[in-house]
Amino acid sequence: DVIDLRLCNWVSRRADQGPKTIEQIHKEAKIEEQEEQRKVQQLMTKEKRRPGVQRVDEGGWNTVQGAKNSRVLDPSKFLKITKPTIDEKIQLVPKAQLGSWGKGSSGGAKASESAPSGSPSATPLEFDSRRALTSRGSMGREKSDKPIPAGTARPNTFLRGSSKDLLDNQSQEEQRREMLETVKQLTGGLDAERASTEADRSKTRELAKSEMCAVPAPDKPALSEEEVERKSKSIIDEFLHINDFKEATQCIEELSAQGPLHVFVKVGVEFTLERSQITRDHMGHLLYQLVQSEKLSKQDFFKGFSETLELADDMAIDIPHIWLYLAELVTPMLKGGGISMRELIVEFSKPLLPVGRAGVLLSEILHLLCRQMSHKKVGALWREADLSWKDFLPEGEDVHHFLLEQKLDFTESEGPCSSEALSKKELSAEELSQRLEKLIMEEKADDERIFDWVEANLDESQMSSPTFLRALMTAVCKAAIIADCSTFRVDTAVIKQRVPILLKYLDSDTEKELQALYALQASIVKLDQPANLLRMFFDCLYDEEVISEDAFYKWESSKDPAEQAGKGVALKSVTAFFTWLREAEEESEDN
């Protein structure tokens, strides 16, 4: 840039593109308007001065205007011009054969028969009428060697006789018409020839195109590791913005045909390691879906993590929570069953055993799984994998002390680790509600503790029963209601905190979600239906994707007699919510 600036004598190629004042804008607009007017005036002036306009002077002379540097001729000089001797039999004719017009402008006279006896010797000149009529380039370079007799002119031949004949207006008009007719015939012939040539060319193009289509497209060239890394970054960045698993899967499938996918896994880990927990969760679910659909091999999955695991102990200085972040990336794979617990833990521990950090990562992984399942299920998975803590801890470290310190003793004993564990018996709806409300509202137990209590006291059928689902929803909603004098509002932070519990037991089942809405309706009715309270709950539950649209519509249209208490008032209070829901659905369909 500096070299170019010096060559231009330090005048910048680009004008200063800073902001303009209103005065500058008006000034530029005025200049543009003046420039347009100037151009229009120039065009009008040219129109007036165009050549070919004749004017008759007083002396009877025709003056042609518009020609530059034209000289004024003195009429007296024409008297000195003498008339040359002209043979009146000289003929200026076009080609005898009309087809020869297409041979270009080189059809000049070659030879002629001698003149009849008794007449002055003269050579009839044959001119190419096309050259006489137009100055366009010739279409060919062929010459006609045949002499044309002077007396064999076609009907369109015009004769050049004396000056008196030339001044005859009627004769000139006839000649002009004949010449125009000849040009039309010529142009038609050329157009036909041009059309046939164009048809031949189009056939050739179609033939070439068909041959190109017949040739199979070559495979895409393999990409270098740097190119795969660059493409992986763009795919991951787009996926994290739009969260479209289907689109991301298609892009990765195309990428797999051009380069190794362990690079994609490595980029995904590095790209999300220091970002938000939601970002790592989405990335973990994407990797799980790729392995589950066999788009990504287990070998590429492990190889993609290996480089980060080898450097993790050093990276912990700058990223203290790196073990938790790695666990968040890998727990979706274990929870979904994409890779068995034994295989994953053994592979992940290999680069960490030399530095003695395998136990720390495993602890974070197991605790994350407990938040999404329960201690009992995670402990069962550990024992089913036939894993031993001695294989993952540094030599000489007390296993029992490590498990107590990390709260991992549930992996060794089969009994429930919660002190609130009760013998499994059929609990009434009232007892169930009281117990859950105590855990959620009074003791503010974390999700792991609630999972443990449910696992210890309820069997599978009881966990899916309307009684349990209603009691759970009622306890969560009561904990989220904040009363200020006579007004009520929803603490959305409480709902967000309990989303994992609600999602686990509602299990995206419309019927279970409907039972949860019935429980919410009953709780609002008991409070005498405060204004906008139900609407606030609906907004929060929809935003957190706890309740689906189908469940909301099902609750709206439900005619269950047992659920009609306060239903009319409740429906009226959420009319705006359902209007918005339908409009949003119509917009998404249009898009």
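This is a short dialogue on reading one predicted model.

Biologist: What is the mean pLDDT of the chain, and what share of residues reaches 70 or more?

Modeller: The model is predicted, so confidence comes first. The chain's mean pLDDT is 74. Of its residues, 67% reach 70 or more.

Biologist: Where is the pLDDT below 50?

Modeller: Where pLDDT is low, the predicted coordinates should not be read in detail. Residues 66–70 are one such stretch, with pLDDT below 50. Beyond near neighbours in sequence, this stretch has two contacts in the model. Residues 209–218 also fall below 50. Beyond near neighbours in sequence, that stretch has zero contacts.

Biologist: Now the whole chain. How many helices and strands does the chain have?

Modeller: The chain has 26 helices and six strands. Of its 591 residues, 33% count as buried. The chain exposes about 37900 Å². Carbon and sulfur atoms supply 51% of that area.

Biologist: Among contacts between residues at least 6 apart in sequence, what share joins residues at least 24 apart?

Modeller: The share is 70%.

Biologist: Which residues have the most contacts inside the largest nonpolar core?

Modeller: They are Phe 264, Phe 301, Phe 305, Leu 326 and Trp 389, in a core of 68 residues. Helix H11 (residues 322–336) gives this core its largest share, nine residues. Another core lies apart from it, with 55 residues. Tyr 505, Ala 516, Cys 540 and Ile 547 are among them.

Biologist: Take Phe 301. What is Phe 301 in contact with, leaving aside neighbours within four places in sequence?

Modeller: Phe 301 touches Val 265, Leu 287 and Val 291, and also Leu 296, Val 330 and Met 333. Ile 339, Leu 344 and Phe 348 complete the list. Phe 301 is also one of the buried residues of H10. The others are Phe 302, Gly 304, Phe 305, Thr 308, Leu 309 and Ala 312. Their cover includes helix H8 (262–272), helix H9 (277–292), H11, helix H12 (341–349) and helix H13 (358–372).

Biologist: What span should helix H10 have?

Modeller: Use 1.5 Å a residue. H10 covers residues 298–315, so its 18 residues should span 26 Å. The end C-alpha atoms are 25 Å apart, which agrees. Check the axis too: H10 bends by about 35° at Ser 306.

Biologist: Is H8 largely enclosed or open, and why?

Modeller: Count its buried residues. Nine of the 11 residues of H8 are buried, so the rest of the structure largely encloses this helix. Among them are His 262, Phe 264, Lys 266 and Thr 272. The cover includes helix H6 (225–242), helix H7 (245–256), H9, H10 and H11.

Biologist: Now loops. Is Thr 411 buried or exposed?

Modeller: The cut-off for buried is under 20% relative accessible area. Thr 411 has 2%, so it is buried. Thr 411 sits in the loop between helix H15 (399–406) and helix H16 (429–442). Leaving aside neighbours within four places in sequence, its contacts are Leu 366, Gly 379, Trp 382, Arg 383, Trp 389 and Leu 403.

Biologist: Which residue other than glycine has a positive phi near 60°?

Modeller: Trp 10 does. Trp 10 lies in the loop between helix H1 (2–7) and helix H2 (22–48). Trp 10 counts as exposed because its relative accessibility is 53%, and the cut-off is over 50%. Asp 528 is another case, with a positive phi of about 70° although it is not a glycine. Asp 528 is in the loop between helix H22 (510–526) and helix H23 (533–543). Asp 528 is exposed, at 66% relative accessible area.

Definitions and conventions:
Residues numbered from 1 in each chain as written. Predicted model: local features only at pLDDT ≥ 70, side-chain atom pairs only at ≥ 80, totals over all residues. Heavy atoms only, no water. pLDDT = per-residue confidence, 0-100. Contact = heavy atoms within 4.5 Å. Core = buried A, V, L, I, M, F, W, Y, C linked by side-chain atoms within 4.5 Å. Buried < 20%, exposed > 50% of the residue type's maximum accessible area, 1.4 Å probe, protein only. Helix = DSSP H or I, 4+ residues; strand = E, 2+ residues; numbered from the N terminus. Areas by Shrake-Rupley, 256 points an atom, 1.4 Å probe, with all protein chains shown as cover. Expected span 1.5 Å × (residues − 1). Bend = angle between axes of the 7 residues up to and from the residue.
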